[in-house]
Amino acid sequence: MKYKILAILVVVAVITACRKAADWQPADDDDVLAGGALTVFDEGSGAFTHSFNSLIEPLTQTHAIGDAAFENTFVAAPAPIRPGLGPVFNNVSCASCHVADGRGKAPDAGESLIGMLIRLSIPGTDPHGGPNPAPGFGGQLQQRAIFGTLPEAGVQITYSDSLFTYPDGQTLTLRKPDVQLINPYQSLPAGLMISARVAPPVFGMGLLQAVPESEIVEEADEMDADMDGISGKANYVWDVLSSTMKLGRFGWKAGNPDVMQQSAGALNQDMGITNMVFPEESSYGQIQYDGRADEPEISDSLLYAIAFYMRTLAVPAARHRDRPEVTEGRTIFRNLGCVSCHRQKLHTGTDVAFPPVSNQDIYPYTDLLLHDMGPGLADHRPEFRADGSEWRTSPLWGIGLTRIVNGHTNF
């Protein structure tokens with residue numbers, strides 16, 4: 001009998017974990033279906049790893065190919081499989097930073113960088129108005145290198161604590177990092193600006209890309225004309241493939257226009273893998289440059305599959321909406337005005353090239369705009385229209401599952 005009961009429980013658990021959004025009957029403005037009809041119901045460690053449930057078979061296969069490439073470990077050339085790593089790099093695979101498609105973690109004192117990287121620049125801009133690369137180091141530090149090659153520099157992070165007291169007397173300890181570059185392979189340039197960036201989760205990006213530009217920019221209020229204290233502004237960034245300026249959506253300062261450029265840039269900068277979008281080695285012009293002339297090191301089709309994989313990662317449903325503490329928290333969140341930036345609801349447009357993402361009400365809790373977060377959170381490093389204290393509003397969907405998926409709540 002006990003085996004029959006166990007079998008029944010397993011079946012119930014599987015059915016519950018695999019429910020589809022179509023089975024849910026939402027009330028008006030019900031954010032349980034965070035990703036609209038593409039929402040998945042999974043509260044386990046794989047909550048961020050599901051594909052859209054509406055993909056037809058050829059697209060399911062493309063997603064799977066991209067998934068495998070996202071997980072694969074790249075190695076230095078020449079090699080029979082997955083060559084192209086380095087000569088300098090940050091990590092050996094996409095999944096090394098985005099574990100289970102989730103969030104990286106700032107290292108504790110003495111730990112090495114795993115899910116975090118360091119952006120670099122010097123005063124001024126590049127030809128397209130973006131960050132001005134640091135001579136000899138580029139726009140991103142690579143603290144690792146293949147055998148026989150010098151890494152650009154090491155990274156040392158120390159923390160200082162400060163006590164914050166709420167009006168009701170409760171206290172909270174805040175931890176502020178101090179990032180230092182150590183043992184650089186050559187002298188650091190004058191005026192070097194450093195910005196530490198933790199790897200963000202990658203699910204739901206296809207839905208955010210599908211939100212019409214008009215819906216995003218209509219919420220912008222750069223000069224705070226309505227005097228509500230909120231002055232969000234859109235970032236406009238260089239789109240490499242079209243050679244035009246486009247609305248920025250992805251990255252901590254909305255520095256990339258779409259998932260393709262975000263993916264291609266990560267391959268090139270994080271792993272040193274050249275591709276059709278960024279065909280030049282990140283170490284070009286430095287002593288680490290290998291001069292192999294084997295670019296691009298990843299095929300166009302595999303790059304497309306990786307970007308497609310990221311575009312088709314589904315969003316987990318919001319949980320426990322009827323619990324009293326959740327209801328109270330939602331009320332406080334709204335009354336404090338958090339929704340002025342963490343906008344609850346967005347709507348995707350019609351995408352004739354990829355219908356599954358079309359016409360969905362989604363609940364990402366972001367406006368995808370830049371906001372001035374003040375001197376305490378400033379990195380003092382501009383990125384296109386974002387100044388040194390402005391950051392893109394981070395989506396909040398799925399945030400409650402971070403401990404389960406990634407083992408921490410370090411945001």
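A salt bridge is a side-chain nitrogen of Lys or Arg within 4 Å of a carboxyl oxygen of Asp or Glu. Keep that cut-off at hand for the exercises below, and remember that the model you are looking at is predicted.

**Exercise 1. A network of charges**

Task: Find which residues are linked with Arg381 and Glu383 in a network of salt bridges.

Solution:
- Step 1. Begin with one pair: arginine 381 and glutamate 383 form a salt bridge, and their closest N and O atoms are 3.7 Å apart. That distance counts because the limit is 4 Å.
- Step 2. Widen the view. The network takes in Arg197, Lys253 and Asp379 along with Arg381 and Glu383.
- Step 3. Ask how well covered the starting pair is. Arginine 381 has a relative accessibility of 2%, so it counts as buried. Glutamate 383 is buried too, because its relative accessible area is 10% and the cut-off for buried is under 20%.
- Step 4. Place this in the whole: the structure holds 14 salt bridges.

**Exercise 2. Bridges across the chain**

Task: Work out which parts of the chain are linked by the salt bridge of glutamate 215 and arginine 343.

Solution:
- Step 1. Check the contact: the two side chains meet at 3.5 Å, N to O.
- Step 2. Locate both partners. Glutamate 215 sits in helix H5, while arginine 343 belongs to the loop between helix H8 (324-335) and strand E12 (346-347). With their positions 128 residues apart in the chain, the pair links distant parts.
- Step 3. Judge the cover. Glutamate 215, at 13% relative accessible area, is buried, and arginine 343 counts as buried at 16%.

Task: Now do it again for arginine 385 and glutamate 222, and decide whether they are buried, partly exposed or exposed.

Solution:
- Step 1. The closest N and O atoms of this salt bridge are 2.8 Å apart.
- Step 2. Arginine 385 lies in the loop between strand E14 (370-372) and strand E15 (390-392), and glutamate 222 in the loop between H5 and E9. These two are 163 residues apart, so to speak a link between distant parts of the chain.
- Step 3. Arginine 385 has a relative accessible area of 33%, so it is partly exposed. Glutamate 222 is also partly exposed, at 38%.

**Exercise 3. Unusual backbone angles**

Task: Find which peptide bonds to proline 87 and proline 296 are cis, and where these prolines lie.

Solution:
- Step 1. Recall the usual case: most residues other than glycine have a negative phi, and most peptide bonds are trans.
- Step 2. Look at omega. From glycine 86 to proline 87 the bond is cis, with omega near 10°. The bond joining glutamate 295 and proline 296 is cis as well, with omega about -10°.
- Step 3. Place the prolines. Proline 87 is in the loop between helix H2 (57-71) and strand E2 (88-89). Proline 296 is in the loop between helix H6 (259-271) and helix H7 (300-311).
- Step 4. Turn to phi. Alanine 100 has a positive phi of about 55°, though it is not a glycine. Aspartate 224 also has a positive phi, near 50°.
- Step 5. Place these two. Alanine 100 lies in the loop between helix H3 (94-97) and strand E3 (116-125); at 22% relative accessible area, it is partly exposed. Aspartate 224 is in the loop between H5 and strand E9 (236-239).

**Exercise 4. A cavity inside and a patch outside**

Task: Describe the largest cavity and its lining.

Solution:
- Step 1. Count: there is one cavity of 30 Å³ or more. The volume of the largest cavity is about 40 Å³.
- Step 2. Name the lining: Asn90, Cys97, Leu113, Ile114, Met116, Leu117, Gln143 and Asp270.
- Step 3. Sort these residues: five are nonpolar, two polar and one charged.

Task: Which residues form the nonpolar patch on the surface?

Solution:
- Step 1. The members are Phe164, Tyr166, Leu172 and Leu174, and together they have about 350 Å² of accessible area.
- Step 2. Take one member more closely: phenylalanine 164 lies in strand E6 (residues 154-165).
- Step 3. Its relative accessible area is 38%, so phenylalanine 164 is partly exposed. That also fits the patch rule, because members need over 30%.

Definitions and conventions: Residues are numbered from 1 along each chain as its sequence is written. This is a predicted model: local features need pLDDT of at least 70, side-chain atom pairs count only at pLDDT 80 or more; totals for chains, interfaces and linings use all residues. Side-chain values use heavy atoms; hydrogens and water are left out. On a 1 Å grid over the protein atoms alone, a cavity is a set of points where a 1.4 Å probe fits but cannot get out, and a pocket is an open set with protein on both sides within 12 Å along at least five of seven lines; lining residues have an atom within 4 Å of a point. Grid points are joined across faces, edges and corners, and a volume is the space filled by probe spheres set on the points. Ala, Val, Leu, Ile, Met, Phe, Trp, Tyr, Cys and Pro count as nonpolar, Asp, Glu, Lys and Arg as charged, and the others, Gly among them, as polar. Patches are made of residues with over 30% relative accessible area and no salt bridge: like charges are joined within 9 Å, nonpolar side chains (Val, Leu, Ile, Met, Phe, Trp, Tyr) within 5 Å. Accessible areas come from the Shrake-Rupley method with a 1.4 Å probe; for residues, only the protein chains shown count as cover. Helices (H or I, at least four residues) and strands (E, at least two) are DSSP runs, numbered from the N terminus. Buried means under 20% relative accessible area, exposed over 50%, partly exposed in between (1.4 Å probe, protein chains only).
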